Structure formats: structure tokens, C-alpha cells
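User: I'm new to this structure and would like a close look at one part of it. Could you take me to a single spot, then walk me outward from there?

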Amino acid sequence: QVQLVESGGGSVQPGGSLRLSCAASGSIFSIGVMAWYRQATENQRELVAAVTRGGTTNYADSVKGRFTISRDNTKNTVYLQMNSLKPEDTAVYYCNANIRTIGRRDDYWGQGTQVTVSS
């Protein structure tokens, strides 16, 4: 059984910062790419940022220069530092990880954490 547990969402004014965390636990053999997605009301879920096990990152154009994704492989945790937040960043943010357990590899999702940017 594998779980992804997110934390760090909340409400912030435009220009503010938040840091999201997502910790994977369970019968994990290894973790490949870890990523953050977001879904605003009535929109499709979109990729925000991703990081490989070796630290290579990629970002959606809308967050480049403002968000930073990182991971701690010793803690099976991925982070998303969000700076200069804008109202359009308001969404539910989901953690995703490609995890190898004994005998298989699957994508897992966290439960989602709400981020609201409003004055």
C-alpha cells in the first residue's frame, strides 16, 4: 500500500508565497518522476512542475521563474515553493509520483490541497 500525503496549502494574498510538501510512504522500492499538477474549477488538471530522481526539472510556462520544485530522495518527499503568487494560481494542487513497488510500477496521486490567492 502506497500513500502520498500533501500539506502546505492555504490562502495568501497576491505576491505572497506558499510551500507545498508531499511525502510518499508504504512499500516503496523506488520513486521515479515526482510532479505537481493543479486543477482549477471546471478546468482540466494541468502539469505545474516535475522533477526526476536525478534532479532534472521542467515547468509550465505560466510558473517559470516563480515556482521551484525539489525533492528529498532520502525522505521520499517532493516540494513546491511558490513565490509571487497570482490569483490565477488558485487551484487544487495534486502531487503525483511514479512509484515502483515489488513487481510493478504505477502512478500515484495525493488527495489534493487547496491554494487560494486573493486580496
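Analyst: Happy to. Let's start with S30, which lies in strand 4. Bear in mind that this is a predicted model. Is S30 buried or exposed? The cut-off for buried is under 20% relative accessible area, and S30 counts as buried because its relative accessibility is 18%. Leaving out residues up to four places away in sequence, S30 touches N98, I99, R100 and R105.

Strand 4 covers 30–39, and it is one of the strands that each give at least two residues to the largest nonpolar core. That core has 28 residues, and W36, V48, F67, V78, L80, M82 and Y93 have the most contacts inside it. Strand 9 (91–101) is on the list of suppliers too, and with 5 residues it provides the largest share of this core. As a general point, nonpolar side chains in soluble globular proteins tend to be buried together.

M82 makes a good stop inside the core. Its contacts, again not counting residues up to four places away in sequence, are G16, S17, L18, L20, R66, F67, Y93 and V115.

Two of those names, Y93 and V115, lead us to strand 11. Y93 stands opposite T113 in that strand, and strand 9 and strand 11 run antiparallel, joined by 3 bridges. Strand 2 (residues 10–12) also meets strand 11 through 3 bridges, but this pair runs parallel; here G10 has V115 as its bridge partner. The side chains of strand 11 alternate: T113, V115 and V117 are buried and point to one face, while Q114 and T116 point to the other and are not buried.

Now for the sheet. Four strands make an open sheet in the order 1-3-8-7, with antiparallel pairing. Strand 1 and strand 7 are at the edges with a single partner strand each, so one side of each has no neighbour in the sheet. On average, neighbouring strands here are turned by 15° against each other, direction ignored. Strand 7 pairs with strand 8 over 6 bridges, in the antiparallel sense, and I69 has L80 in strand 8 as its bridge partner.

One last stop is R45. Its charged end sits over the ring of Y94, 3.7 Å from the centre, and also over the ring of W109, 4.7 Å from the centre. As for rings pairing with each other, a search of the whole structure finds 1 aromatic pair.

Key: Residues numbered from 1 in each chain as written. Predicted model: local features only at pLDDT ≥ 70, side-chain atom pairs only at ≥ 80, totals over all residues. Heavy atoms only, no water. Phe/Tyr/Trp six-rings, centres within 6.5 Å; stacked < 30°, edge-to-face > 60°. Lys NZ or Arg CZ within 6 Å of the ring centre and 35° of its normal. Core = buried A, V, L, I, M, F, W, Y, C linked by side-chain atoms within 4.5 Å. Buried < 20%, exposed > 50% of the residue type's maximum accessible area, 1.4 Å probe, protein only. Contact = heavy atoms within 4.5 Å. Pairing = 2+ DSSP bridges. Axes fitted to C-alpha atoms, helices over the stretch in contact; angles between N-to-C directions.
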